[in-house]
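Reader: I have a model open and would like to practise reading it with you. Could we take it feature by feature?

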Amino acid sequence: MTDAIYDLDKKRVRAAFDHAAASYDAHAVLQREICDRMLERLDYVKHTPNTLLDAGAGTGYGAARLRSRYPEAHLVALDLAESMLQIARPKPSLWQRISRAAPFSAVCADIDRLPLKTSSVDMVWSNLALQWCNDLNVSFAEMHRVLAPNGLLMFSTFGPDTLKELRQAFNTVDGYSHVNRFVDMHDIGDVLVHAGFSTPVMDMEYITLTYDDLKTLMRELKAIGAHNVTAGRNPGLMGRARWQALETAYEKFRQQGRLPSTYEVIYGHAWVNQKTRTADGQQIIQMNIQRRRTEKGLP
């Protein structure tokens, strides 16, 4: 089998998150925790954006906190799922309407095809959205394109050990793809440099959630929209025998009466210096032309 089995069906991704919008906030404990840890990292970054893109805004937890941190910035919340954005849109208070608070835009679009002008934003923020992109070369190239010189990219995503227990358990049941493919931290750093970003900084940590049983874990994944939408998924339903085999395989990971679910969380940030290439790869040549003024009687 090739990596093509892990390609994501974007229509199914959108449908899954549209369906999960109403239940997302009640179950997205990990997503909020990682967002808070990303926000803490901003304390060490000297950067005040005028225009800020939240790429993969979801229901707006991060967008609301970014608005509080950068109250004068124009914030663009972008997500693939319209139902998520309907929740993310802030309901301005009377004071905000009177005081003409900084604008907020909600855009339903794909990170890989950002409907934004080149060099139009000062900061791109993306919390746990890049794992839903098929090719980070495309995703980072688009982010680099829309960032202005001296712009900042800050993101989090999942690494290869994410849901390793679930992946191993499924491997004992059948040969289908059940868990997304996640990219290694070092490979992500290479892609950032290739896309034109400067001085990328990467770090990683493991976070383990625990559950009473496998059904609770699977219900939580479904409630946040984390369905199996890979090309190599089983097109049929899981029968009782396969489910029991999966439960048996997962039980070997039980520790202290609880079933673990591991997440490898990757954090990164990088900068855009003066751009030397256009979005299509053409080199930008800057020329300083000095003009000589001639006056009558002078050479």
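Author: We will go from the whole chain to helices, and then to single residues. Please keep in mind that this is a predicted model.

Reader: Let's begin with the overall picture. How many helices and strands does the protein have?

Author: A count of the elements gives a first map, and here there are 10 helices and 7 strands. Burial adds to that map: of the 299 residues in the protein, 45% are buried.

Reader: And among contacts between residues at least 6 apart in sequence, what share joins residues at least 24 apart?

Author: That share is 81%.

Reader: Next, a helix. How many residues of helix α6 are buried?

Author: The idea is to count the residues under the 20% cut-off for relative accessible area. Helix α6 covers residues 136-146, and 8 of its 11 residues are buried, so the helix is largely enclosed by the rest of the structure. The buried ones are Leu 136, Ser 139, Phe 140, Glu 142, Met 143, His 144, Arg 145 and Val 146.

Reader: Which elements do those buried residues of α6 pack against?

Author: Their partners are three strands, β1 (51-55), β4 (121-127) and β5 (147-158), together with helix α8.

Reader: What should I look at where α6 starts?

Author: Look for a side chain that reaches a backbone nitrogen. At the start of α6, a side-chain oxygen of Asp 135 comes to within 2.9 Å of the backbone nitrogen of Asn 137.

Reader: You mentioned α8. Which residue there would show me its contact with α6?

Author: Try Val 191, which is found in helix α8. Val 191 is buried, at 14% relative accessibility. Leaving out residues up to four places away in sequence, Val 191 touches Leu 136, Asn 137 and Phe 140. For a backbone view, take Val 191 and Ser 139: they are 52 residues apart along the chain, and their C-alpha atoms are separated by 9.8 Å.

Reader: Now a pair of helices. At what angle do α7 and α10 pack?

Author: For a helix pair, read the angle together with the distance between the axes. Helices α7 (164-171) and α10 (residues 240-251) pack at about 130°, with their axes 8 Å apart. The two are therefore oblique to each other, and their crossing is right-handed.

Reader: Which residues meet there?

Author: From α7 come Glu 165, Leu 166, Ala 169 and Phe 170, and from α10 come Leu 246, Ala 249 and Tyr 250. By class, this contact has 6 nonpolar, no polar and 1 charged residues.

Reader: Is there a residue in a strand that touches both of those helices' residues?

Author: Have a look at Ser 261, in strand β7 (residues 259-271). Ser 261 is buried, with a relative accessible area of 1%. Beyond its neighbours within four places in sequence, its contacts include Glu 165 and Tyr 250, as well as Leu 163, Ile 207 and Leu 217.

Reader: Then a loop. Is Asp 174 buried or exposed?

Author: A loop position does not settle that, so check the accessibility: Asp 174 counts as buried at 14%. Asp 174 lies in the loop between α7 and α8 (185-195). Its side chain makes a polar contact of 2.3 Å with the side chain of Arg 242.

Reader: Which residues does Met 84 touch?

Author: Start with the setting: Met 84 is in helix α4 (residues 82-88) and is buried, with a relative accessible area of 1%. Apart from residues up to four places away in sequence, Met 84 touches Phe 17, Asp 18, Ala 21, Tyr 24, Gly 58, Thr 59 and Asp 79. Thr 59 is 25 residues from Met 84 along the chain, yet their C-alpha atoms are separated by 4.8 Å.

Reader: Last, backbone angles. What is the phi of Ser 119?

Author: Here you look for positive phi in residues other than glycine. Ser 119 has a phi near 55°, and so does Leu 128. Ser 119 sits in the loop between β3 (104-108) and β4, whereas Leu 128 is in the loop between β4 and α6. Ser 119 is partly exposed, with a relative accessible area of 31%, while Leu 128 is buried at 9%.

Key
Residues are numbered from 1 along each chain as its sequence is written. This is a predicted model: local features need pLDDT of at least 70, side-chain atom pairs count only at pLDDT 80 or more; totals for chains, interfaces and linings use all residues. Side-chain values use heavy atoms; hydrogens and water are left out. Helices (H or I, at least four residues) and strands (E, at least two) are DSSP runs, numbered from the N terminus. Buried means under 20% relative accessible area, exposed over 50%, partly exposed in between (1.4 Å probe, protein chains only). A polar contact is a pair of N or O atoms within 3.5 Å; within protein, one must be able to donate a hydrogen and the other to accept it, and residues adjacent in sequence count only if both atoms are side-chain atoms. Contact means heavy atoms within 4.5 Å. Axes are lines fitted to C-alpha atoms, for helices over the stretch in contact, and angles run from 0 to 180 degrees between N-to-C directions. Angles under 35 degrees count as roughly parallel, over 145 as roughly antiparallel, 65 to 115 as roughly perpendicular and the rest as oblique. A crossing is left-handed if the near helix is turned anticlockwise from the far one by less than a right angle, and right-handed if clockwise. Ala, Val, Leu, Ile, Met, Phe, Trp, Tyr, Cys and Pro count as nonpolar, Asp, Glu, Lys and Arg as charged, and the others, Gly among them, as polar.
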